[in-house]
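Please look over the sequence and the model together before reading on. The paragraphs below go from one feature to the next and are best followed with the structure in view.

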Amino acid sequence: QVQVVESGGGLVQSGGSLNLSCVARGSGSVVIGMGWYHQAPGDQREVVASVTRGESKAYSDSAKGRFKLTREDGTNTVLLQMTNLRFEDSGIYYCDASGYGPGWIGGHSWGQGTQVVVSP
């Protein structure tokens, strides 16, 4: 069964940095892409950064120049390095993996989320 596990997050002051890590595991799984999404309280979940299997990356306008997404070769692990954090970056960050194989439903699998709190 596919499993997406996030780590990182926590409390940081405005202007500070945090790293989020995500790994997708599953016997027989083929992971095509991975991405990070941000959900602020009362808001919809929005994509922050994503990477395809071909290493094509995309960032939200808010993340450009501040966040960097790295995918580790052959491990289905992505690292989101967040710098110059702002109060509005606070919220829950979810990792999404797209792919197929045993246990995949609808071609996507989500992690449980990790909380980021940026103090003003």
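Which handedness does the disulfide of cysteine 22 and cysteine 95 have, left-handed or right-handed? The model in view is a predicted one, and in it the torsion about the S-S bond of these two cysteines is about -85°, so the disulfide is left-handed. A search of the whole structure finds 1 disulfide, and in this bond between cysteine 22 and cysteine 95 the sulfur atoms are 2.0 Å apart. The bond links distant parts of the chain, since cysteine 22 belongs to strand β3 and cysteine 95 to strand β9, 73 residues apart. Cysteine 22 is buried, with a relative accessible area of 0%, and cysteine 95 is likewise buried, at 0%.

From the disulfide one can turn to the nonpolar interior. The largest nonpolar core has 26 residues, and those with the most contacts inside it are Met34, Trp36, Phe67, Val78, Leu80, Met82 and Tyr93. At least two residues of this core come from each of β3 (18-25), β4, β5 (46-52), β7 (67-72), β8 (77-82), β9 (91-100) and β11 (114-119), with the largest share, 4 residues, supplied by β3. Methionine 34 shows how such contacts reach across the chain: leaving aside residues up to four places away in sequence, the residues that methionine 34 touches include both cysteines of the disulfide, Cys22 and Cys95, together with Val51, Leu69 and Val78.

Strand β7 has two distinct faces. Its side chains alternate, with Phe67, Leu69 and Arg71 pointing to one face and buried, while Lys68, Thr70 and Glu72 point to the other and are not buried. β7 pairs with β8 in the antiparallel sense over 6 bridges, and within this pairing the bridge partner of arginine 71 is valine 78 in β8, a residue already named among those with the most contacts inside the core.

The turn of this hairpin deserves attention for its backbone. There are 4 residues between the strands β7 and β8, and glycine 74 takes a positive phi near 70° in this hairpin. Most residues other than glycine have a negative phi. Asparagine 76, however, has a phi near 55°, a positive value in a residue other than glycine, and it lies in the loop between β7 and β8. At 23% relative accessibility, asparagine 76 counts as partly exposed. A further case is asparagine 84, whose phi is near 50° and thus also positive in a residue other than glycine; asparagine 84 is placed in the loop between β8 and β9 and is partly exposed, with a relative accessible area of 43%.

The aromatic side chains complete the picture. A search of the whole structure finds 1 aromatic pair: the rings of tyrosine 37 and tryptophan 110 have their centres 4.9 Å apart and their planes at 65°, so the pair is edge-to-face. This pair, too, links distant parts of the chain, with tyrosine 37 in strand β4 (residues 30-39) and tryptophan 110 in strand β10 (residues 108-110), 73 residues apart. Tyrosine 37 counts as partly exposed at 21% relative accessibility, and tryptophan 110 counts as partly exposed at 35%. Tryptophan 110 also has arginine 45 over its face, at 4.7 Å from the ring centre, and arginine 45 lies over the face of tyrosine 94 as well, at 3.6 Å from the ring centre.

Methods. Residues are numbered from 1 along each chain as its sequence is written. This is a predicted model: local features need pLDDT of at least 70, side-chain atom pairs count only at pLDDT 80 or more; totals for chains, interfaces and linings use all residues. Side-chain values use heavy atoms; hydrogens and water are left out. Rings of Phe, Tyr and Trp (its six-membered ring) pair if their centres lie within 6.5 Å; planes under 30 degrees apart count as stacked, over 60 as edge-to-face and the rest as tilted. Buried means under 20% relative accessible area, exposed over 50%, partly exposed in between (1.4 Å probe, protein chains only). A charge sits over a ring if NZ of Lys or CZ of Arg is within 6 Å of the ring centre and within 35 degrees of the ring normal. A nonpolar core is a set of buried Ala, Val, Leu, Ile, Met, Phe, Trp, Tyr and Cys residues joined through side-chain atoms within 4.5 Å. Contact means heavy atoms within 4.5 Å. A disulfide is a pair of cysteine sulfur atoms within 2.5 Å. Two strands pair if DSSP finds at least two bridges between them.
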